[in-house]
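Open the model in your viewer and keep the selection panel at hand. The tour begins with the whole chain and then turns to particular selections.

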Amino acid sequence: GDSQEGVCINQITTRNGFRESASSAYLKPALKRPNLKVITHAHASRVLFENRKAVGIEFLQDGIKLSARASREVILSAGSINTPQILQLSGVGPGQLLQKFNIPLVIDSPAVGQNLQDHLCIDYMYRAKVPTLNKQLGSLWGQIWSGLQYMTKRQGPLSLSINQGGGFCKSTEQSEHPDMQLYFSPLSYLKATPGQRKLTAPDAFPGFLLSAQPCRPESRGSIHIQSPDPHEAPQIWANSLSSPADKAAMLLAAQWLRKLAGTPSLGSIIEHEILPGPQVKSIDQMMTDIYERASTVYHPVSTCRMGAHIDNAVVDSQLRAHGLQSLRVVDASVFPTLTSGNTNAPTLMVAEKAADMVLADHQD
């Protein structure tokens, strides 16, 4: 709408009770096309180059090293974590890093793996005076009923996301625009004890979660390979809360949750605060709790960001890799900066736009 400020029931990417992913929405309908071949259970290890031209992809399948050659161009869509990893393994990245692992340098591209941004969120948990989904999903009968609802009508709690409501607000009266995202989950799940209880098993009592995240964090992290082995996970350095402004914003987020919990509408159904608990009162105590419990909401972006020059960006406005030929990156890693809300829809928009640009370049 004209204004982002306000709350609502979340719009989610589901169809007929099923999660509608990029795979089910875009790939599955195209599987019968004669010009498409999908290779599964394969691990992309590097982009193949001849001089500075991308000519294919090397991948591992059943322990065997294979390759696929490209007659026009290679499109890398491995996401904000694996795309910079694959580029670095291919010789595209910070020269000093690649030299450390004796990876032949194709081009010194210092921004590969840099500028990692993500949303950091803090949850507050409450015991409720009224039934929540804990009751429905915590009993055998409730689980059976929810399962029947889903199987017969594709309805009920199993057809919805965990965060069923949310919105955006201004963290202060001086804020020019909404700068904080809110989440509401009508169930609660205390952190599990390993081997004793599943992480997402609902609590035995009625409870719910309120959560908040600052929309525009300033902190920047990085992703670097730790070896030339494509199966070894890269080092992910989120560097969250490294900015004083981000610390202040997270404190405002936590204070906002308590402000919401104190409103007549929510206060009337709250028995008491479970986490962090009423004993956490001072700013120092709230910040300590943030350091201990704040977590990602899985919105990593910008590790191969778009920009005008290779010194601080990896791809140009057409998503073509700087200094290279026949290579594009199409995923959330190209975001110039983090969007103020969820990244799923913006990533699909990037892919739609990229498809148009690729078709325009190869009309013959």
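With the whole protein chain selected, start from its contacts: among those with a separation of 6 or more, 63% join residues 24 or more positions apart. Bear in mind that this is a predicted model. Colour by secondary structure next, and 9 helices and 18 strands appear in the protein chain. The C-alpha trace spans about 65 × 50 × 45 Å along its principal axes.

Switch to a surface view. The accessible surface of the protein chain is about 20600 Å², and carbon and sulfur atoms contribute 54% of that. Of the 364 residues, 42% count as buried. Colouring by charge brings up 33 positive and 30 negative side chains, with the centres of the two sets 7 Å apart.

Now select residues 244-261, helix α6, together with residues 283-293, helix α8. Their axes lie 10 Å apart, and the helices pack at an angle of about 105 degrees. Angles of 65 to 115 degrees count as roughly perpendicular, so α6 is roughly perpendicular to α8. To see the contact itself, show the side chains of K247, M250, L251, A254, Q255 and R258 on α6, and of I283, M286, M287, I290 and Y291 on α8.

For the last stop, select residues 79-89, helix α2, and pick out Q85 within that helix. Is Q85 buried or exposed? Its relative accessible area is 5%, so Q85 is buried. Add I225, P230, E232, A233 and P234 to the selection: Q85 is in contact with these residues, leaving aside its neighbours within four places in sequence.

Definitions and conventions: Residues are numbered from 1 along each chain as its sequence is written. This is a predicted model: local features need pLDDT of at least 70, side-chain atom pairs count only at pLDDT 80 or more; totals for chains, interfaces and linings use all residues. Side-chain values use heavy atoms; hydrogens and water are left out. Helices (H or I, at least four residues) and strands (E, at least two) are DSSP runs, numbered from the N terminus. Buried means under 20% relative accessible area, exposed over 50%, partly exposed in between (1.4 Å probe, protein chains only). Contact means heavy atoms within 4.5 Å. Accessible areas come from the Shrake-Rupley method with a 1.4 Å probe; for residues, only the protein chains shown count as cover. Lys and Arg count as positive and Asp and Glu as negative; His and the chain ends are not counted. The place of a charge is taken as NZ of Lys, CZ of Arg, CG of Asp or CD of Glu. Axes are lines fitted to C-alpha atoms, for helices over the stretch in contact, and angles run from 0 to 180 degrees between N-to-C directions. Angles under 35 degrees count as roughly parallel, over 145 as roughly antiparallel, 65 to 115 as roughly perpendicular and the rest as oblique.
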